[in-house]
Amino acid sequence: MNAERDLAPLAPSVVRALNDKLYEKRKVAALEIEKLVREFVAQNNTSQIKHVIQILSQEFALSQHPHSRKGGLIGLAACSIALGKDSGLYLKELIEPVLTCFNDADSRLRYYACEALYNIVKVARGSVLPHFNVLFDGLSKLAADPDPNVKSGSELLDRLLKDIVTESNQFDLVGFIPLLRERIYSNNQYARQFIISWILVLESVPDINLLDYLPEILDGLFQILGDNSKEIRKMCEVALGEFLKEIKKNPSSVKFAEMANILVIHCQAADDLIQLTAMCWMREFIQLAGRVMLPYSSGILTAVLPCLSYDDRKKNIKEVANVCNQSLMKLVIPEDDEMDEAKQTLPAEPTSEESLSKPEAASNSSLDASGDSNFSNSSVFTVTSCERIQVTLNLDGIVQVLDCHLHDTSIGMMTRIAVLKWLYHLYIKTPRKMFRHTDSLFPILLRTLSDESDEVILKDLEVLAEIASSPAGQTEGHGPSDVSDVRPSPVELHVPARAGQLSSSGTKGLECSPSTPTMNSYFYKFMINLLKRFSSERKLLDTRGAFIIRQLCLLLNAENIFHSMADILLREEDLKFASTMVHTLNTILLTSSELFQLRNQLKDLKTPESRNLFCCLYRSWCHNPVTTVSLCFLTQNYKHAYDLIQKFGDLEVTVDFLTEVDKLVQLIECPIFTYLRLQLLDVKNNPYLIKALYGLLMLLPQSSAFQLLSHRLQCVPNPELMQTTDSTKPSTSFKRASASNIDYTELLQHFEKVQNKHLEARHQRAGRAEQLDRRVVL
């Protein structure tokens, strides 16, 4: 190399010193370069300045020889020092070769590059901001450098650059965000630490609004939150906490919609810290953004519902998830049932600008319109201008998520309860739209009745009762019990025609189609499918049957329930099940406090409705002889009870039959039949009551029940001793019976007919059993 020709204006001695392996000699050369450049600055000789920088860059900093590169770096730093405030005019030429040396294989050279760039940036200060992205990119790589000296040098440069950004108001945040978004996904711990430190710095600068670009980096922040380093996790927690504070202060400027799906993803993270933090953010988003979050309800529920069944090890996550669930539920309002989907629906992922710029089209879209008093409590729910955005509830997506969770047998009890609460809430707030999904939800709701938890069954019954009673479920053009609404399916019983059409006798008072003025067309379907469920799953009937029916009597009209079930059982082909079911219903009728009003209604048979109910129940109760007698005792039809007992002599008396008579005797001694026992004092006016009880006594073997009833009958007083001055008055019991206009002869014939069917069925079962035994012997 011809130093004098090629490298002028640098003196040959300076060139030799720059190429020397000793640092001291290179430093001396740098001082000479600094002096030379100062002279050019004084002469305003920009061309020579550029030429010197070019020589130091091309011939030294980018040289193949390591010592030459080191000389070039210190020479460029000397140029910057000499240029002073004018260095900003030459920053591109000064910085680029130094940054190239950041990638050098020699750690010492990388360190000298840090040192050189530090001097350049220190002199230029704010002038380096237009080149911030390349500086940041280079520093992010050095932050993960394996050499501790290089890393230490990069940290000094990093702090200097942060000071410059903090004191400047000319930082190009828009240009920086793409680079930050790219670098934030680094898996290196030191690089992550570097990224978080810069985010904290930018967040602290008043003139820099990083919140506007939070959707760009939020996902990366949550990924860094799962780092193995406790220090990095803590730094990331702080950064996220600062962002959340800023969101609470300025909710109107937050792009909630753009970050909703990011939170949904991280609310399902396996890492507890990530999940808890994301869930806390989701809680704040729902409470601050309000109905803006509704389009994302299905995703939110997918993330939140499983957390409700967490144990105490994840108690914090569970509690926050519960608040999210409750807050989201409150966003659903009755107006959602009326909104025109074609006009009101937001895009699947609406932008925050679009969401927040839309004017309020209807004031009833705000949370207060729901009528929930909790919405007025600002400590529970902060109402913001965001809530006035009119959005449409994505009901199809929500129902799909709820249905999926109900089908998942592995989910916990609290999650199932929450799902059922959601369904109930949706049927209350948006019944018209929900009934579009009822046919698909109905089977799983019925299967849920077999759940192990009483709480789940209670909530399930609430949903089914709401379906059965909601006016929105009334099928147009059909009455509530019109069977055209009920279509046969694998989970349904055969639907009988209306009882009035089935009655061949045409006897007055025997029409027993359920009268359900407060029920809809799903009520009868529900009763049919419930009985089918009991028929196919006898364990459910034995363990939970009474519990389910009693709760339904609280939730719905008890008379309608018994009326419709009796109507359905009247045509049940499985006679054994019909007998068992009638026995269950009769026990509930006689013993449950929930049926007190219905018992009183049946006791006197004063109204046409009560007499019609008695006839309907009687015809189905005939599947079980003893329950039929107990119904007659309840309704004070003592003569007919006596007539029935007389027919018992023609029946096949089995152990089960005698057991039921034994239970009836026990019932007679219960408070339910207090009025019956008191009527034994009026021997003259209640002869058939005494005869009926004696008939039961004659049926029983000499057991404890026999002794009990015998002792009771021994207490019946002598009629001669009980005569009073008003004994000549006609029998009230006979007057009531004759006034009821019930054809008891026809009822008795119906009883005989049903019992003959049962006898024939028992003989057929016995014949099949005998044939099976013969086959086994053969």
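## Close-up views of a helical protein

**View A. Helix 5 and helix 6 cross in a left-handed manner.** The model shown here, as in every view below, is predicted. Helix 5 covers residues 66-83 and helix 6 covers residues 91-100; they pack at an angle of about 155°, and their axes are 10 Å apart. Angles over 145 degrees count as roughly antiparallel, and helix 5 and helix 6 are therefore described as roughly antiparallel to each other. On the helix 5 side, look for Leu73, Leu76, Cys79, Ser80 and Leu83, which meet Leu94, Pro97 and Val98 of helix 6. Sorted by class, this contact of helix 5 with helix 6 holds seven nonpolar residues, one polar residue and no charged ones.

**View B. Ser87 sits in the loop between helix 5 and helix 6.** Is Ser87 buried or exposed? Its relative accessibility is 0%, so Ser87 counts as buried. Once its neighbours within four places in sequence are left aside, Ser87 is in contact with Ser80, Leu94, Val123 and Ala124. Two of these may look familiar from the previous view: Ser80 in helix 5 and Leu94 in helix 6 also take part in the contact of those helices.

**View C. Helix 11 and helix 13 come within 10 Å of each other, axis to axis.** Here helix 11 (residues 189-204) and helix 13 (residues 230-249) cross at roughly 25°. Angles under 35 degrees count as roughly parallel, and helix 11 and helix 13 are therefore roughly parallel to each other. Their crossing is left-handed. From helix 11, the contact takes in Gln189, Arg192, Gln193, Ile196, Ser197, Ile199, Leu200 and Glu203. Facing them in helix 13 are Glu231, Ile232, Met235, Cys236, Val238, Ala239, Glu242 and Phe243. How do the residues of this contact of helix 11 with helix 13 divide? There are nine nonpolar, three polar and four charged residues.

**View D. Phe60, in helix 4 (residues 46-61), is a good residue to zoom in on.** Phe60 has a relative accessible area of 1% and is therefore buried. Not counting neighbours within four places in sequence, Phe60 is in contact with Leu7, Leu10, Val15, Leu18, Asn19, Ile55, Ser68, Arg69 and Gly72. Take Val15, one of these partners: Val15 and Phe60 are 45 residues apart along the chain, and their C-alpha atoms are separated by 9.3 Å.

**View E. Ala8 and Pro9 are joined by a cis peptide bond.** The omega angle of this bond is about 15°. Pro9 belongs to the loop between helix 1 (3-6) and helix 2 (12-18). For comparison, most peptide bonds are trans.

**View F. Helix 17 runs from residue 315 to residue 330.** What span do its 16 residues cover? From the first C-alpha to the last, helix 17 reaches 23 Å, close to the 22 Å expected at 1.5 Å a residue. Its buried residues are Ile317, Val320, Ala321, Cys324, Asn325, Ser327, Leu328, Met329 and Lys330. These buried residues pack against helix 15 (272-289), helix 16 (297-304) and helix 21 (413-429). When you follow them around the helix, it helps to recall that residues three or four places apart point the same way, because an α-helix has 3.6 residues a turn.

**View G. Leu585 is part of helix 29 (residues 575-591).** With a relative accessibility of 0%, Leu585 counts as buried. Residues up to four places away in sequence aside, Leu585 touches Ile549, Phe562, Met565, Leu569 and Trp621. The C-alpha atoms of Leu585 and Arg550 are separated by 9.6 Å, and these two residues are 35 residues apart along the chain.

**View H. Leu605 and Gln636 both carry a positive phi.** Most residues other than glycine have a negative phi. Leu605 has a phi near 50° and occupies the loop between helix 30 (596-604) and helix 31 (608-621). Gln636, with a phi of about 65°, is in the loop between helix 32 (625-634) and helix 33 (638-647). Leu605 counts as buried because its relative accessibility is 2%. Gln636, at 14% relative accessibility, also counts as buried, since the cut-off is under 20%.

**View I. Zooming out, the protein has 39 helices and zero strands.** Of its 778 residues, 53% are buried. Among contacts with a separation of 6 or more, 75% link residues 24 or more positions apart.

Conventions. Residues are numbered from 1 along each chain as its sequence is written. This is a predicted model: local features need pLDDT of at least 70, side-chain atom pairs count only at pLDDT 80 or more; totals for chains, interfaces and linings use all residues. Side-chain values use heavy atoms; hydrogens and water are left out. Axes are lines fitted to C-alpha atoms, for helices over the stretch in contact, and angles run from 0 to 180 degrees between N-to-C directions. Helices (H or I, at least four residues) and strands (E, at least two) are DSSP runs, numbered from the N terminus. Angles under 35 degrees count as roughly parallel, over 145 as roughly antiparallel, 65 to 115 as roughly perpendicular and the rest as oblique. A crossing is left-handed if the near helix is turned anticlockwise from the far one by less than a right angle, and right-handed if clockwise. Contact means heavy atoms within 4.5 Å. Ala, Val, Leu, Ile, Met, Phe, Trp, Tyr, Cys and Pro count as nonpolar, Asp, Glu, Lys and Arg as charged, and the others, Gly among them, as polar. Buried means under 20% relative accessible area, exposed over 50%, partly exposed in between (1.4 Å probe, protein chains only). The expected span of a helix is 1.5 Å times one less than its number of residues.
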